[in-house]
Amino acid sequence: MTELTTNPFDDADDAFHEECGVFGVWNAPDAAALTALGLHALQHRGQEASGIVSLGDKGFRSHKGLGLVGDIFGDARVMAMLPGRAAVGHNRYATAGETALRNVQPLYADFAFGGFAVAHNGNLTNALALRRALVRRGCLFQSSTDSEVFVHLIAISLYATVLDRLIDALKQVDGAYSLVALHDGALMGVRDPLGVRPLVLGHLGGEGANSWVLASETCALDIVGAQFVRDIEPGEIVVIDNDGVRSIKPFANTSNRFCIFEYVYFARPDSVVEGTPVYETRKRIGQELARESGVDADLVVPVPDSGVPSAMGYAAEAGIPFELGIIRNHYVGRTFIEPTDSIRHLGVKLKHSANRAMLEGKRVILVDDSIVRGTTSKKIVEMVRQAGAKEVHMRISSPPTTHSCFYGIDTPEREKLLAAKHDVQEMARIIGADSLAFISLDGLYRALGRKGRDAKNPGYCDACFTGDYAIPLTDLEGHAERRPALLALNGV
């Protein structure tokens, strides 16, 4: 879900960010508490805000806040205000602009058929056009997120049932999305027709229990003791009610285009994504990277934390020792104040410190997941050199990022992406590395069990590497002036 703001990209923030995580529970005691636990497991998908809407005997209750899940839902008094056996929750990542409570999900509305709460992960690529049309019809938007488009489309639908209204709304939107929604009679989960964003189904309790969980990742099932059942299929709506789980597929069959960057970076390492363990996949990516771009060195060092599994795979394949030459400080908050340019320049050391005893006099291979603008990579290379490294070779476990993502990932405009403007040799010079290499696109696909990338049927969304946008960029087509607004939508 995205936010209609001014250009959200801060040059000091040189990393990709997932937008959000979603979670839902049906027919379980303390559903809101289970949802809070699930959101805690999905904290990596959004750290700006969280919200929960519960459904009990006395109707819907909601609590939202800015900050981390534990800060918002750690008080027993807060949880006591969220009774019921069903709930939906959301973690939010905002690229910039206003981090306002009115934009925190789940969104809730009272309709003629009763209450309805929805939490959204992804990005609608025709949100601007839809929003303008809805405003002309008299709809009053209460937030600046594109997710509210769903609420208004449901409100004006002429269909009788909640499910039919939701299908009517879904057929009007373009984009990548996973939804969890709750109304008086059911919990629903939805994935977009290409399945770009993830969503899984889990079962709570023993055999015969009618208690269910929907979540962005399997790690959120694990924390609440739910058993993984299956991935929600692309274009599928699951409806969970007192009769159990049923599936509706209102869209025509299309080729799947799951986000390939979930394997590289976004998903938690202990999750299983589309049937594939993320941790093992990242090790295979590192092995493939070593086969493609080996170099003589003394140490393989990950840029923590996302580079660790790939660095382990690289080291094993190359026969070079794996060492923690960079130590991450896990206690740096996102709101750290950087009051002056001189302090801001030292910002990378707030998160990472060089392990001098390990690096001094060594030829070092640094393994990281990606290079965005290159500012962070440059500072890390410089830090490792200052710790006494004799050579610094950078290896990246994804192909060069040459295009912006419009499907729910916070990326800069293309002209701010280092790989969009420079070849690999020039990028190495800019970041100060003795050498630089990325895994090839075919190599990434091989690590995922394919022979390589099939241009006619890739099987994954890899637009950030290829510019192959599988979903129409409706708000951009023929309207270049809308680009800043659409880029601003890539927040939550």
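At roughly what angle do the axes of helix α5 and helix α6 cross? The close-ups below, taken from a predicted model, start with that pair.

**View 1. Helices α5 and α6 cross at roughly 125 degrees.** Here you can follow α5 along residues 148-156 and α6 along residues 162-170, with axes that come within 8 Å of each other. Angles from 65 to 115 degrees count as roughly perpendicular and those over 145 as roughly antiparallel, so α5 is described as oblique to α6. The crossing of α5 past α6 is right-handed.

**View 2. Four residues of α5 meet four of α6.** On the α5 side, look for Phe-150, Leu-153, Ile-154 and Ala-155. Their partners on α6 are Arg-165, Leu-166, Ala-169 and Leu-170. Sorted by type, this contact has seven nonpolar residues, one charged residue and no polar ones.

**View 3. Helix α9 runs over residues 278-293.** Try a quick check with this one: at 1.5 Å a residue, its 16 residues should span 22 Å, and the C-alpha atoms at its ends are indeed 22 Å apart, so the two values agree. Now look for its buried residues, which are Val-278, Thr-281, Arg-282, Ile-285, Gly-286, Glu-288, Leu-289, Ala-290 and Ser-293.

**View 4. Gly-225 sits in a loop between a helix and a strand.** The helix is α7 (218-224) and the strand is β12 (227-231). With a relative accessible area of 58%, Gly-225 is exposed, because exposed means over 50%. Find His-203 as well: Gly-225 and His-203 are 22 residues apart in sequence, and their C-alpha atoms are 8.8 Å apart in space.

Key
Residues numbered from 1 in each chain as written. Predicted model: local features only at pLDDT ≥ 70, side-chain atom pairs only at ≥ 80, totals over all residues. Heavy atoms only, no water. Axes fitted to C-alpha atoms, helices over the stretch in contact; angles between N-to-C directions. Helix = DSSP H or I, 4+ residues; strand = E, 2+ residues; numbered from the N terminus. Parallel < 35°, antiparallel > 145°, perpendicular 65-115°, else oblique. Left-handed = near helix turned anticlockwise from the far one by under 90°. Contact = heavy atoms within 4.5 Å. Nonpolar A, V, L, I, M, F, W, Y, C, P; charged D, E, K, R; others polar. Expected span 1.5 Å × (residues − 1). Buried < 20%, exposed > 50% of the residue type's maximum accessible area, 1.4 Å probe, protein only.
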